[in-house]
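Work through the exercises below with the sequence and the 3D view open. Try each task before reading its solution.

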Amino acid sequence: MVRPLIQMALDSLDFDATIALADQVAPYIDIFEIGTPCIKHNGVNLVKAMRSRFPDKLILVDLKTMDAGEYEATPFYAAGADICTVLGVSGLATCKGVIKAANAHGAEAQIDLINVEDKVACARATAEAGAHIMGVHTGLDAQAAGHTPFTDLADIARLGLNVRVSVAGGIKASTVQDVVRAGASIIVVGAAIYGAPSPAEAAREIRDLVEATEV
Ligand SMILES: O=C([C@H](O)CO)[C@H](O)[C@H](O)COP(=O)(O)O
């Protein structure tokens, strides 16, 4: 089995702090996610800066696009994004626009299933449309209301679609092995790393746990 990739969500608003945090955790991380608040605040220049500082890492730009898919995503792929996200709730036309922009740049499009009512139907339709990654995601506000992504992850993973499955939503050391066993191929961790006393140590622990998980 291929080791699942570890994605670190960079959710600060501060440009320099984002780069500094990425520097600390880089040895343990496969994908840097420029989080939605961060990309809204800092824009495409942060993607360019991250691309040039981390040429060997994958960069996901968490656009959560809701309309004008191809038009919105194109400059971010052109700036060096490997993956951009589009909301499943945006509808198939917008998802197809981001998929088209991704394919034009040899990159990938991730469908974010956050707040989608029928996640299985959305996953099937967008996978059929050529989406590369399906993102099972319990957002920060839903987490605060007590929700988790675990049931949704099991539902999407068992479909066996021809996509990679990413999971996000409060994943931490005590749950990371469960999501690996449940079939996630990309594990997203934000607060459990950036909120730790030592983000590097927290990232290393997550990496060790993922590597030690038998599936
Ligand atoms: O995508 C995220 C959220 O919607 C804000 O943009 C987070 O980056 C994602 O949930 C991962 O962070 P944690 O839930 O803190 O692990």
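Two strands count as paired if DSSP finds at least two bridges between them. The model used here is predicted.

**Exercise 1. Strands 3 and 4**

Task: Find the residue of strand 4 that stands opposite V61, and state the sense in which strand 3 and strand 4 pair.

Solution. Step 1: Locate strand 3, residues 58-65, and strand 4, residues 83-87. Step 2: Look across from V61; the residue opposite is C84 in strand 4. Step 3: Strand 3 and strand 4 are joined by three bridges and run in the parallel sense. The cut-off is at least two bridges, so strands joined in this way count as a pair.

**Exercise 2. Both sides of strand 1**

Task: Name the bridge partner of Q7 in strand 8 and the residue opposite Q7 in strand 2.

Solution. Step 1: Strand 1 covers residues 5-10, and five of its six residues are buried. Step 2: Towards strand 8 (residues 186-189), strand 1 forms four bridges in the parallel sense; here Q7 is partnered by V188. Step 3: Towards strand 2 (residues 31-34), strand 1 again runs parallel, with four bridges; here I31 stands opposite Q7. Step 4: Put the strands into the whole barrel. Eight strands close it in the order 1-2-3-4-5-6-7-8, with parallel pairing. From one strand to the next, the twist averages 25°.

As background, strands of a sheet pair through backbone hydrogen bonds, in either a parallel or an antiparallel way.

**Exercise 3. A lysine without a salt bridge**

Task: Which backbone oxygens does the side chain of K57 reach?

Solution. Step 1: K57 sits in the loop between helix 3 (44-53) and strand 3 (58-65). Step 2: K57 is buried and has no salt bridge; D30, the nearest side chain of opposite charge, is 5.9 Å away. A salt bridge needs a distance within 4 Å, so a separation beyond that cut-off does not count. Step 3: The backbone oxygen of A26 is reached at 2.6 Å, and that of I29 lies 2.7 Å from a polar atom of the K57 side chain. Step 4: Leaving out residues up to four places away in sequence, K57 touches A26, I29, D30, F32, R51 and D82.

**Exercise 4. An alanine in a loop**

Task: Is A196 buried or exposed?

Solution. Step 1: A196 lies in the loop between helix 10 (191-194) and helix 11 (199-212). Step 2: Its relative accessible area is 17%, so A196 is buried. Step 3: Apart from neighbours within four places in sequence, A196 contacts A191 and A202.

Conventions. Residues are numbered from 1 along each chain as its sequence is written. This is a predicted model: local features need pLDDT of at least 70, side-chain atom pairs count only at pLDDT 80 or more; totals for chains, interfaces and linings use all residues. Side-chain values use heavy atoms; hydrogens and water are left out. Helices (H or I, at least four residues) and strands (E, at least two) are DSSP runs, numbered from the N terminus. Buried means under 20% relative accessible area, exposed over 50%, partly exposed in between (1.4 Å probe, protein chains only). Lys and Arg count as positive and Asp and Glu as negative; His and the chain ends are not counted. A polar contact is a pair of N or O atoms within 3.5 Å; within protein, one must be able to donate a hydrogen and the other to accept it, and residues adjacent in sequence count only if both atoms are side-chain atoms. Contact means heavy atoms within 4.5 Å. Axes are lines fitted to C-alpha atoms, for helices over the stretch in contact, and angles run from 0 to 180 degrees between N-to-C directions.
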